[in-house]
Amino acid sequence: MDLSENLEPDQTPGLVCAHHHLYSALARGMPAPPRTPAGFLEILELVWWRLDRALDADTIEWSAKLGALEALERGCTAIIDHHESPNSIDGSLSIIAAACAEVGVRVRTAYGVTDRHGPDGAAAGLAENDRFLREGGEGMVGLHAAFTCSDDTIAAAAELARTHRVGVHVHVAEGDADTWDRLRGHTADDWLLIHGVHLPDEHGLTGTLIHNPRSNMNNAVGYAAPTRFANPVGLGTDGIGADMLDEFRVAYVKAREADVTATPELPWSWLSTGWDLFPEARRDRVTWNYAPMDPWRLAYTTGVSPTRVEIDGEVVYADGAATRVDGAEIRAKAAEAATRLFTRLENL
Ligand SMILES: [Zn+2]
């Protein structure tokens, strides 16, 4: 399909964030970890695996509303979310779906199953994916990453995904600690393989590789160099907002740093994979304050912003504001929720 069909030079379809963690929206300003993390595993242990344990239904809801609002404000109309809240698993995916629906943004969520909290925790995560999908939720089956899952858990997630005819959304080889090879024999074309930094060129896993350049640099895990893979490649933020034009620009300079002959068409092709993963977003229309919306221009033009966003035929953003919700109210309530979250974090 020609994406320029019915599009004015200042328009694009809705942008897609192919890997997000809406639950991290309240993390900004969180209390510092007990000590400075020295590497990727410590970043997980001291920051993210503490934050996720402090989440409850209320903070999941306000994280998702704030994350959806911020996506909308940047022309991102479809989010592929990966969620974990080990002390509030049951019902969590429905809270996220409802929060995004209120703002008007499309979401496909998944619970990141893990054995970090024992076999009962893994079972509860699998059950939440199953419940949400059985009730007709737009979702996938989530796995945290092979290195925190037993072989049985990996097999159970793959089987559950086949049952529901959806893919598995899983972190793969983000750091060198990940024993990703245990996913071999389980993957399928509809899987999302997140990061792939430490995958060899020939890895034998099927699915779409999702590149998260800003997050990878932030965690100093290395460069994924996604052109070396046969898999389709998409673009995600790994929870650092949903500003996909910004992520495209970061992907571009990172690609250039590795190969000065790289062109903006390369990261634009990664951004465009989002429309294969979330085809409904092709029907959304974003009008921008810049024209033409051409990769070569956008690679070197900062501050391009939407003026109007139409999702599924409804105008959900116009004149600098969301139309369905009060953006200022969401920010105020999210800030209050963040204060409660930080208190719980400090008392863990
Ligand atoms: Zn992630």
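This is a tutorial dialogue about reading features in a predicted model.

Biologist: Before we look at anything, what are the ground rules for this model?

Modeller: The model is predicted, so local features need pLDDT of at least 70 and side-chain atom pairs count only at pLDDT 80 or more, while totals for chains, interfaces and linings use all residues. Residues are numbered from 1 along each chain as its sequence is written, and side-chain values use heavy atoms, with hydrogens and water left out.

Biologist: Let's start inside. How many residues does the largest nonpolar core have?

Modeller: First the idea: a nonpolar core is a set of buried Ala, Val, Leu, Ile, Met, Phe, Trp, Tyr and Cys residues joined through side-chain atoms within 4.5 Å. Buried means under 20% relative accessible area, exposed over 50%, and partly exposed in between, with a 1.4 Å probe and protein chains only. Here the largest core has 97 residues, and those with the most contacts inside it are Leu72, Leu143, Val172 and Leu183. Helix α2 (residues 57–72) gives the largest share of this core, 8 residues. Helices (H or I, at least four residues) and strands (E, at least two) are DSSP runs, numbered from the N terminus. Apart from this core lies another, of 6 residues, among them Phe40, Leu44, Val197 and Ala224.

Biologist: Which residues is valine 172 in contact with, leaving aside its neighbours within four places in sequence?

Modeller: Contact means heavy atoms within 4.5 Å. On that basis valine 172 touches Asp178, Trp180, Leu183, Leu193, Ile194, His195, Gly196, Val197, Leu199 and Leu205.

Biologist: Now for empty space. How much lies in the largest pocket?

Modeller: Rolling a probe the size of a water molecule over the atoms shows where empty space is left. On a 1 Å grid over the protein atoms alone, a pocket is an open set of points where a 1.4 Å probe fits, with protein on both sides within 12 Å along at least five of seven lines; lining residues have an atom within 4 Å of a point. Grid points are joined across faces, edges and corners, and a volume is the space filled by probe spheres set on the points. In this model the largest pocket holds about 550 Å³. It has 34 lining residues, and the closest to its centre are His21, Ser24, Trp48, Asp238 and Gly239.

Biologist: Which element gives the most to that lining?

Modeller: That is α1, with 6 residues. At least two lining residues each come from α1 (40–54), α2, β6 (141–145) and α6 (213–218). By class, the lining has 13 nonpolar, 13 polar and 8 charged residues. Here Ala, Val, Leu, Ile, Met, Phe, Trp, Tyr, Cys and Pro count as nonpolar, Asp, Glu, Lys and Arg as charged, and the others, Gly among them, as polar.

Biologist: How many salt bridges does a search of the whole structure find?

Modeller: Side chains of opposite charge can pair when their charged atoms come close. The cut-off for a salt bridge is a side-chain nitrogen of Lys or Arg within 4 Å of a carboxyl oxygen of Asp or Glu. The search finds 29. In one of them, aspartate 243 pairs with arginine 74, with the closest N and O atoms 2.9 Å apart. Aspartate 243 lies in the loop between β10 (233–235) and α7 (244–258), and arginine 74 in the loop between α2 and β3 (76–81), so the pair ties together parts that are 169 residues apart in sequence. Both residues of this pair are buried.

Biologist: What separates glutamate 329 and lysine 333 in helix α10?

Modeller: They are 4 residues apart in α10 (residues 327–346), which means about one helical turn. Their side chains meet in a salt bridge at 2.8 Å, N to O. Glutamate 329 is partly exposed at 38%, and lysine 333 is partly exposed at 33%. Elsewhere, salt bridges that share partners join Asp90, Glu128, Arg131 and Glu135 into one network.

Biologist: And the backbone: where is histidine 195, and is it buried or exposed?

Modeller: Histidine 195 sits in strand β8 and is buried, with a relative accessible area of 0%. Its phi is positive, about 90 degrees, although it is not a glycine. Alanine 173 has a positive phi too, near 55 degrees; this residue is in the loop between β7 (168–172) and β8 (192–195).

Biologist: Which peptide bond is cis?

Modeller: The one from alanine 291 to proline 292, with omega near -5 degrees. Proline 292 is in the loop between β11 (285–288) and α9 (295–298).
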